[in-house]
Amino acid sequence: MAEDKRKPKDIPIQEALTLAQKWMDSGCTVFFKFTCENCGARQTFSEPNTLYAKGKCEECGHITALKEAGFMVIKVSGALTTPLPDESISPN
Ligand SMILES: [Zn+2]
C-alpha cells in the first residue's frame, strides 16, 4: 500500500524546525502548519517563521499540543510580499 494521501504529511517538531531553519537561513519565509487532533483540520500559523507549542483550530476551537508539524516555504525574491490569507494556503 502506498502512503495515505488523505493524511497531511507532518513530521516530528524537531525535524520540522531543523528543516525550516535551513529555509529561513537562505532567506525564505516559513509558515508552520499542524493538524487538529480533534477534527483533523489542517491549520497554518499566521506568524511567519514561528512555531508554537500549541495551536488552536479555527474549525472546532480545539487546542492541539503539537507533537508533529509541517510547514510551507515562501521564497522571497526582491520585494516583500504580503502573506496570503489563511484560506488561500493549501499544502497541495
Ligand atoms: Zn479542529
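Strands here are DSSP runs of at least two residues, numbered from the N terminus. The model is predicted.

**Exercise 1. Place Phe32 in the fold and decide: is Phe32 buried or exposed?**

Solution.
- Step 1: Find the element. Phe32 sits in strand S2.
- Step 2: Recall the cut-off. A residue is buried if 20 or more other C-beta atoms lie within 10 Å of its own.
- Step 3: Apply the cut-off. Phe32 has 23 other C-beta atoms within 10 Å, so Phe32 is buried.
- Step 4: List the contacts, leaving aside neighbours within four places in sequence. Phe32 is in contact with Ala16, Phe45, Thr50, Leu51, Ala69 and Phe71.
- Step 5: Check one of these pairs. Phe32 and Ala16 are 16 residues apart in sequence, and their C-alpha atoms are 8.6 Å apart in space.

**Exercise 2. Work out which residues make up the largest nonpolar core, and which element gives the most to it.**

Solution.
- Step 1: Name the members. The core has 8 residues: Ala16, Ala20, Val30, Phe31, Phe32, Phe34, Ala69 and Phe71.
- Step 2: Assign elements. Helix H1 (13–25), strand S2 (29–35) and strand S6 (68–74) each supply at least two of these residues.
- Step 3: Rank the supply. S2 gives the most, with 4 residues.
- Step 4: Look at one core member from S6. Beyond its neighbours within four places in sequence, Ala69 is in contact with Asp10, Ile13, Ala16, Phe32, Lys33, Phe34 and Leu51.

**Exercise 3. Determine the strand order of the sheet and explain why S1 and S3 each have one side without a neighbour.**

Solution.
- Step 1: Start with S1 and S6. They run antiparallel and are joined by 2 bridges. Ile11 has Ala69 in S6 as its bridge partner.
- Step 2: Move to S6 and S2. These pair in the antiparallel sense over 5 bridges. Val30 is partnered by Val73 in S6.
- Step 3: Add S3. S2 and S3 are antiparallel, with 3 bridges between them. Thr35 is partnered by Arg42 in S3.
- Step 4: Read off the order. The 4 strands form an open sheet, S1-S6-S2-S3.
- Step 5: Explain the edges. Strand S1 (11–12) and strand S3 (42–44) each have a single partner strand, so one side of each lacks a neighbour in the sheet.

**Exercise 4. Describe helix H1: how many residues does it have, and which strands does it lie across?**

Solution.
- Step 1: Count and span. H1 has 13 residues and reaches 18 Å from first C-alpha to last, close to the 18 Å expected.
- Step 2: Orient the helix. H1 lies across S1, S2 and S6, and runs at about 15° to S6.
- Step 3: Inspect what follows. Just after H1, Gly27 takes a positive phi of about 95°.

Terms used
Residues are numbered from 1 along each chain as its sequence is written. This is a predicted model: local features need pLDDT of at least 70, side-chain atom pairs count only at pLDDT 80 or more; totals for chains, interfaces and linings use all residues. A nonpolar core is a set of buried Ala, Val, Leu, Ile, Met, Phe, Trp, Tyr and Cys residues joined through C-beta atoms within 7 Å. A residue is buried if 20 or more other C-beta atoms lie within 10 Å of its own, exposed if 12 or fewer, and partly exposed in between; C-beta atoms are placed from the backbone. Two residues are in contact if their C-beta atoms, placed from the backbone, lie within 7 Å. The expected span of a helix is 1.5 Å times one less than its number of residues. Two strands pair if DSSP finds at least two bridges between them. Axes are lines fitted to C-alpha atoms, for helices over the stretch in contact, and angles run from 0 to 180 degrees between N-to-C directions.
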